Amino acid sequence: MKTANELKDPVLEDFFAAYKRHDGHLPIPEFPKRHKKTKKRVLAILGIAASLAVGVFYFQKGEEEISLERDVLVISLEKNENQDPTIVVTATTSMDIWESPTSSLLTEF
Amino acid sequence: MTRDQLEALVKYLHKDAFLWARQCCGFDGEMARDVLQHVYLKILEGKATFHQQSAAKTWLFAVIRYTSLEWIRKKPVENSLPEIIEIEDQIPEQEERISHEALIQLLPARQKEVLLLVFYHGLTLEKAAGIMQVSLGTARTHYDRGKKNLKCLIINQREHEDSK
């Protein structure tokens, strides 16, 4: 491929050589510095992770439920239709409020 | 090519890039600075990607040429009065430099571009054609006409100076 060196033309070569010499005095602006965002990015990621961890910890604590590990048998003493005391046994997996039917005996007597 | 490698490459070509940007912007240094800033932004944001199909310099020069054309097209036309030029204060070196640029500016745009790329930046005609986005044949035509025209201008100027 033809280049300026191969296609010798003294008039043009002298002209461009002089032009380049003069351009050598031209002030060249500095190459713009890129602000590295890595540190800021890492800090931002760490901040988000920490906030999420705190949030998860907080909400998990608030919604904590006490679940029964095994079925519970509730044995209660109730009166049947003939007014005779009978023992009633019921099984349950969860209890919201359970009050012993005989708890009144502790308070009233 | 990683972002850091690309940045190092562009940094290495920075001086040539600025000179080419200046030539594309009608020898306006301030505009060249803005154009070059925009070019670097395009590169770092991935809007202009280097596929390594051509030499890095060819690719960068093509981006600069395209961006400066875009910039000139978008630039609003200024109707302000031209600044007063203090001819007496100019030093001879500046006058000579202005005459080089003034002579090149007299050429049609394509002829100017191809001559600058070949003679000033030392690129091949093929690479110049790639930067100018024209076929090799078209580039050669502009090159031959440009050489002829510039030579005439130089000789005329010399004759004019000798006659003084």
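# Questions on a two-chain model

User: Between which helices of chain B is the loop in which B:Q133 is found?

Analyst: In this predicted model, B:Q133 belongs to a loop of chain B rather than to one of the helices on either side. The helix before that loop covers residues 125-132 and the helix after it covers residues 136-163, so B:Q133 is found between helix 7 and helix 8.

User: About what value does the positive phi of B:Q133 have?

Analyst: Most residues other than glycine have a negative phi. B:Q133 is not a glycine, yet its phi is positive, and the residue counts as exposed at 61% relative accessibility. The phi of B:Q133 is about 55°.

User: Which residue of chain A, other than glycine, has a positive phi near 60°?

Analyst: The residue has its place in the loop between strand 1 (72-79) and strand 2 (85-92) of chain A. With a relative accessible area of 55%, it lies over the 50% cut-off and is therefore exposed. The residue with this positive phi near 60° is A:Q83.

User: How far does helix 1 of chain A reach from its first C-alpha to its last?

Analyst: Helix 1 of chain A runs over residues 10-23 and so has 14 residues. At 1.5 Å a residue, the expected span is 20 Å, and the reach in the model is close to that value. From first C-alpha to last, helix 1 of chain A reaches 20 Å.

User: Why are the buried residues of helix 1 of chain A on the same side, and what arc do they cover?

Analyst: The buried residues of helix 1 of chain A are A:V11, A:L12, A:F15, A:F16, A:A18, A:Y19, A:H22 and A:D23. Because the arc that they cover around the axis is a restricted one, they fall on the same side of the helix. On the other side of helix 1 of chain A, A:P10 and A:R21 are exposed. The arc covered by the buried residues is only 160°.

User: What is the area buried between chain A and chain B?

Analyst: The contact draws on 25 residues from chain A and 39 residues from chain B. Carbon and sulfur atoms give 71% of the buried area, while A:Y19, A:F31 and A:R34 supply 22% of what chain A buries against chain B, more than any other three residues. The area buried between the two chains is about 3300 Å².

User: Which residues is B:E7 in contact with, leaving aside its neighbours within four places in sequence?

Analyst: B:E7 is found in helix 1 (residues 3-12) of chain B. Its relative accessibility of 17% is under the 20% cut-off, so B:E7 counts as buried. Once neighbours within four places in sequence are left aside, B:E7 is in contact with A:F31, A:R34 and B:L44.

User: With which residue does A:D9 form a salt bridge?

Analyst: Across the interface of chain A and chain B the rule finds 1 salt bridge, whereas the structure holds 6 over all chains. A:D9 lies in the segment before helix 1 of chain A and its partner in helix 8 of chain B, so the pair joins two chains. A:D9 counts as buried at 9% relative accessibility, while its partner is partly exposed at 30%. With the closest N and O atoms 3.4 Å apart, the partner of A:D9 is B:K151.

User: How many residues apart are B:E70 and B:K42?

Analyst: The side chains of B:E70 and B:K42 meet in a salt bridge at 3.4 Å, N to O. The pair links distant parts of the chain, with B:E70 in helix 4 (residues 56-74) of chain B and B:K42 in helix 3 (residues 29-44) of chain B. B:E70 is buried with a relative accessible area of 17%, and B:K42 counts as buried at 14%. B:E70 and B:K42 are apart by 28 residues.

User: How far apart in space are B:C24 and B:V35, C-alpha to C-alpha?

Analyst: B:C24 lies in helix 2 (residues 14-24) of chain B and counts as buried at 14% relative accessibility. Not counting residues up to four places away in sequence, B:C24 touches B:R65, B:S68 and B:I72. B:C24 and B:V35 are 11 residues apart in sequence, and their C-alpha to C-alpha separation in space is 9.6 Å.

Notes: Residues numbered from 1 in each chain as written. Chains lettered and ligands numbered in written order. Predicted model: local features only at pLDDT ≥ 70, side-chain atom pairs only at ≥ 80, totals over all residues. Heavy atoms only, no water. Helix = DSSP H or I, 4+ residues; strand = E, 2+ residues; numbered from the N terminus. Expected span 1.5 Å × (residues − 1). Buried < 20%, exposed > 50% of the residue type's maximum accessible area, 1.4 Å probe, protein only. Arc of directions from axis to C-beta. Contact = heavy atoms within 4.5 Å. Buried area = accessible area lost by both parts, 1.4 Å probe. Salt bridge = Lys/Arg side-chain N within 4 Å of Asp/Glu carboxyl O.
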